[in-house]
Every structure is written in structure tokens, then in C-alpha cells.
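Colleague: Could you take me through this one slowly? I would like to hear the reasoning behind each label.

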Amino acid sequence: MKKLFDDVSFKCSTLVTKSYSTSFSMAVYMLAPSIREAIYSIYGFVRFADEIVDSFHGFDKKTLIDDFETEYYKGQKMGISLNPILNSFQQTVVKYNISDDLIQSFLKSMKMDLVKSDYHSKEEYDEYIYGSADVVGLMCLKVFVNGDNAKYDELKDEAMRLGSAFQKVNFLRDLKDDNLVLNRNYFPGVDLKSFDEKDKMMIIAEIEEDFRVALQGIRKLPLEAKFGVYTAYVYYKKLLKKLENTPYFEIGTSRIRISNYTKGILFANSFVTYKLKMV
């Protein structure tokens with residue numbers, strides 16, 4: 001019966017992924033079936049933690065995130081959690097030897113969102129990006145290399161840069177909600193009250209460099225992971241291009257999206273590129 005509960009737990013993580021992000025779930029579906037569940041479980045864990053600090057307004061967010069962390073470690077110690085998202089995630093942590101420092105860094109950044117609204121220095125910004133995004137890339141990389149520590153060490157820098165690029169695109173796309181709803185500004189040296197085209201292009205140039213380095217790592221990923229990760233890369237690159245072509249004043253007032261039709265075209269192009277071994 002434990003196996004049935006575990007199966008239900010991974011299905012819950014899959015449902016969370018598909019419900020919260022059609023784009024990411026599409027990319028995960030392009031991964032080999034043998035590793036999809038593990039990536040779904042990682043997404044479920046980080047999604048719930050992020051929702052606690054970003055969306056659960058009117059509730060005691062600090063208590064919720066502290067309880068979430070406590071329940072995770074309780075489940076890890078017992079080998080089971082009645083929270084299906086935590087139950088699937090802790091199994092992935094054990095199976096792929098995901099180090100606890102990655103999880104702690106992630107939770108630290110989530111908790112920073114409860115008390116910090118501005119990042120005044122590059123050091124603060126880099127620390128937050130590492131915990132909120134880079135370590136998620138490293139967790140996924142642990143799954144992709146499946147115990148090959150030499151491969152993990154070879155690709156970890158590129159995996160972190162891809163995580164950084166994804167997060168920074170999200171910051172730029174979510175500028176309106178982060179500023180007006182959550183009262184946050186992640187970009188050091190940028191005054192959102194006077195945000196202009198120069199600020200936008202400075203941020204985009206930084207993200208482009210992250211993507212350039214990340215692509216080198218994608219090319220060296222195991223076959224089980226390459227197409228799925230490349231699909232996500234192509235989607236976020238397209239999103240960045242759309243942000244580049246959007247006037248700076250519109251970014252601060254609306255959320256930029258990619259249509260389902262365009263997503264389909266991106267997928268088809270990615271598939272051709274992958275099959276022709278151009279990546």
C-alpha cells in the first residue's frame with residue numbers, strides 16, 4: 001500500500017506542475033519517462049514554497065513556510081510524509097543524493113521574500129538568485145546525471161547560469177506584480193519608479209550572457225534530459241526576445257506572455273533542431 005501512496009504522491013506533484021505552469025510541464029514531458037517524476041517532484045516542492053511567500057496573502061506566511069520546512073525534514077527522517085508533495089520530493093532527494101545545502105539555500109531565499117523587499121548590492125542579488133533559482137537547476141542536474149559526480153561537476157556552472165537566466169526573465173516579466181503587489185525590487189541599482197529602456201536593456205544583456213553560457217552545458221547533457229531542457233531554454237529565450245521588443249513602460253504595467261500557438265511552433269522548431277543534432 002505504501003507504493004500506491006507513493007504513486008499518488010508523484011501524481012500530485014505532476015498535477016501541481018501542470019496546473020501552475022503549462023510551459024514547464026511541456027518541457028518536462030520532453031524528458032525521458034524515467035526521470036519525469038523526479039523533476040515533477042522538485043517543481044512541486046519549489047512551487048509550493050514559492051506560493052506560500054508570494055500568494056497566500058492574509059495568512060501567517062512565516063508559520064506556513066516554517067511548518068513546510070519542518071514537515072519536510074520530519075518526512076525525510078521517517079521516510080514518509082502525509083503531505084504528498086513532500087513525500088514525493090523527499091524520495092527524489094534520497095534517490096538522487098540531492099545535498100541538503102541546496103534545499104537550505106532554497107528555503108533561505110524563500111524566507112528572504114518575507115522580510116526583504118529591495119536588493120541594493122550585487123552580492124545580495126546573487127545570493128538570492130543562487131538560492132531561489134541556481135540550486136533548483138542543480139537539483140535537476142542531480143537527476144539528469146543520475147549519480148555521475150564527474151558529469152555533475154562538469155555541468156554545474158552552466159546549470160546554475162540556466163537557473164539564473166530563467167529567474168531573471170521571470171523577474172523582468174513580473175515587474176508589475178513584484179513592484180505594485182508584493183512591493184519588491186530584485187534588481188540592484190534599478191529604481192523601478194524611473195525604470196526606462198536603458199535599465200531594461202542592461203538587464204536583458206545580463207540574461208543573454210547567462211543563456212550563452214547555459215547553452216554550452218545543454219549541449220553536454222545526457223540524452224535523457226537534453227531535449228526537455230532545450231525546449232525550456234527555447235521558450236525562455238523567446239520570452240526574453242518578446243520582452244526586448246516590448247516598450248519598457250508596458251513591462252511595468254502588464255505581464256508578457258507567449259501564446260499557445262507560438263509555444264507549439266517553438267516546440268516543433270526545437271524538435272527539428274534536436275533531431276538534426278544541432279544542439
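Colleague: Happy to start with a single residue: in which helix is the place of Lys198?

Modeller: Lys198 sits in helix H10; helices here are DSSP runs of H or I with at least four residues, and strands are runs of E with at least two, numbered from the N terminus. Before we go on, this is a predicted model, where local features need pLDDT of at least 70, side-chain atom pairs count only at pLDDT 80 or more, and totals for chains, interfaces and linings use all residues. Residues are numbered from 1 along each chain as its sequence is written, and side-chain values use heavy atoms, leaving out hydrogens and water.

Colleague: Why does Lys198 count as exposed?

Modeller: Its relative accessibility is 69%, and exposed means over 50%, buried under 20%, and partly exposed in between (1.4 Å probe, protein chains only). Lys198 is therefore exposed.

Colleague: And what makes Ser132 buried?

Modeller: Ser132 has a relative accessible area of 8%, so it is buried. Ser132 belongs to helix H7, residues 122–145. Setting aside neighbours within four places in sequence, Ser132 is in contact (heavy atoms within 4.5 Å) with Phe106, Ser109, Met110 and Gln167.

Colleague: Now the helix pairs. Why are H10 and H11 called roughly antiparallel?

Modeller: Helix H10 (residues 197–218) and helix H11 (residues 223–244) pack at about 165 degrees, their axes 11 Å apart. Axes are lines fitted to C-alpha atoms, for helices over the stretch in contact, and angles run from 0 to 180 degrees between N-to-C directions. Angles under 35 degrees count as roughly parallel, over 145 as roughly antiparallel, 65 to 115 as roughly perpendicular and the rest as oblique. H10 and H11 are therefore roughly antiparallel.

Colleague: Which residues of H10 and H11 meet?

Modeller: Among them are Met201, Ile204 and Phe211 in H10, and Val229, Tyr233 and Leu240 in H11. The residues of the contact of H10 with H11 divide into 12 nonpolar, no polar and 6 charged. In this scheme Ala, Val, Leu, Ile, Met, Phe, Trp, Tyr, Cys and Pro count as nonpolar, Asp, Glu, Lys and Arg as charged, and the others, Gly among them, as polar.

Colleague: What makes H4 and H5 oblique to each other?

Modeller: Helix H4 (residues 61–78) and helix H5 (residues 84–95) pack at about 55 degrees, with axes 9 Å apart. That angle falls in none of the named ranges, so H4 and H5 are oblique. Phe68, Glu71, Tyr72, Gly75 and Gln76 in H4 meet Leu86, Phe89, Gln90 and Val93 in H5. The residues of this contact divide into 5 nonpolar, 3 polar and 1 charged.

Colleague: How many disulfides does a search of the whole structure find?

Modeller: The search finds 0 disulfides, a disulfide being a pair of cysteine sulfur atoms within 2.5 Å.

Colleague: How do you know that the sulfur of Cys12 is too far for a bond?

Modeller: The closest cysteine sulfur to that of Cys12 is in Cys140, 19 Å away, so it is too far for a bond.

Colleague: And why is Cys12 partly exposed, and what makes Cys140 count as buried?

Modeller: Cys12 has 26% relative accessibility, so it counts as partly exposed. Cys140 is at 11%, and therefore counts as buried.
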